[in-house]
Amino acid sequence: MMQITMQQSTPCPFPKVFPSQLEKGTSFFMQLAYNEAINAWNDDEVPVGAVIVKDEEVIASAFNQTRRQKDPSAHAEMIAITMAAKSVGDWRLNECSLFVTKEPCPMCAGATIMARLGEVHFAVKDPKMGGLGGAADLHLLPFSNHRPRVECGTMELECKEMLQAFFQLQRK
């Protein structure tokens with residue numbers, strides 16, 4: 001684990017990654033979300049990044065902006081879902097996949113269901129506030145008319161390390 005001894009306003013010590021365009025799979029898209037999380041850190045936000053993909057092309061990317069926007073709903077997932085809906089011209093995102101560095105909270109998990117996202121991939125589980133298996137299983141509600149496929153663990157170590165380092169600095 002990387003040892004970090006910096007102040008809160010220090011730029012993110014984790015380097016961006018540059019995935020190969022030749023292999024656009026789960027790892028590729030999670031690496032793009034990871035880079036968005038670095039953008040969040042550099043903007044003094046909780047380092048969570050998200051991308052939404054349709055037909056192997058990124059149609060939306062975002063990072064947490066709750067502090068910048070002074071809006072508790074300005075999570076990376078919410079911003080990316082709004083951008084993706086505008087990109088496809090419909091609120092239904094059935095053919096799309098969300099890649100996000102931390103398990104969506106209940107608000108964001110609900111939005112993934114309401115947007116009809118086909119898949120949700122997240123790196124790090126959140127046992128305290130995760131809405132897709134960590135603290136609650138919103139995607140498994142018995143009477144829900146949509147259940148996205150949920151996968152977790154891609155780049156878990158890297159994303160977890162970044163989140164832990166960020167919060168460690170916040171506590172100083």
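**Exercise 1. The sheet**

Task: In this predicted model, find how many bridges join strand E1 to E2 and in which direction the two strands run. Then place both strands in the sheet.

Solution:
- Start with E1, residues 49-54: six bridges join this strand to E2, and the pair runs antiparallel.
- For a landmark within the pair, look at Val51, which stands opposite Ser61 of E2.
- Now step out to the whole sheet, which is open and has five strands in the order E2-E1-E3-E4-E5, with mixed pairing.
- The ends of that order are the edge strands, E2 (57-63) and E5 (149-152), each of which pairs on one side only.
- From one strand to the next, the twist averages 15°.

**Exercise 2. A helix on the sheet and its partner**

Task: Work out which strands helix H1 touches, and how H1 is oriented relative to H5.

Solution:
- Helix H1 (residues 26-42) packs on the sheet, where it touches E1, E2, E3 (96-102) and E4 (119-124).
- The direction of H1 makes about 50° with that of E3.
- Turning to H5, the packing angle with H1 is about 5°, and the two axes lie 11 Å apart.
- Angles under 35 degrees count as roughly parallel, so H1 is roughly parallel to H5.
- On the H1 side, the contact is made by Tyr34, Ala37, Ile38 and Trp41. H5 contributes Glu158, Cys159, Met162, Ala165, Phe166 and Leu169.
- Sorted by class, this contact has nine nonpolar residues, no polar ones and one charged.

**Exercise 3. The two largest pockets**

Task: For the largest pocket, give the volume and say which element supplies the largest share of the lining. Do likewise for the second largest pocket, naming the element that gives the most.

Solution:
- The largest pocket has a volume of about 570 Å³.
- Its lining holds 22 residues, and those nearest the centre are Val46, Lys102, Asp126, Leu163 and Phe167.
- Helix H5 (residues 156-171) supplies the largest share of that lining, with five residues.
- By class, the lining of the largest pocket has 10 nonpolar, four polar and eight charged residues.
- Next comes the second largest pocket, with a volume of about 160 Å³.
- Here 14 residues form the lining, and Phe29, Val53, Glu56, Ser97 and Phe99 lie nearest the centre.
- H1, E1, E3 and E4 each bring at least two residues to this second lining, and E3 gives the most, with three.
- The class split for the second largest pocket is four nonpolar, four polar and six charged.

Key
Residues numbered from 1 in each chain as written. Predicted model: local features only at pLDDT ≥ 70, side-chain atom pairs only at ≥ 80, totals over all residues. Heavy atoms only, no water. Pairing = 2+ DSSP bridges. Helix = DSSP H or I, 4+ residues; strand = E, 2+ residues; numbered from the N terminus. Axes fitted to C-alpha atoms, helices over the stretch in contact; angles between N-to-C directions. Contact = heavy atoms within 4.5 Å. 1 Å grid on protein atoms, 1.4 Å probe; cavity = no way out; pocket = protein on both sides within 12 Å on 5 of 7 lines; lining within 4 Å. Points joined across faces, edges and corners; volume = space filled by probe spheres on them. Nonpolar A, V, L, I, M, F, W, Y, C, P; charged D, E, K, R; others polar. Parallel < 35°, antiparallel > 145°, perpendicular 65-115°, else oblique.
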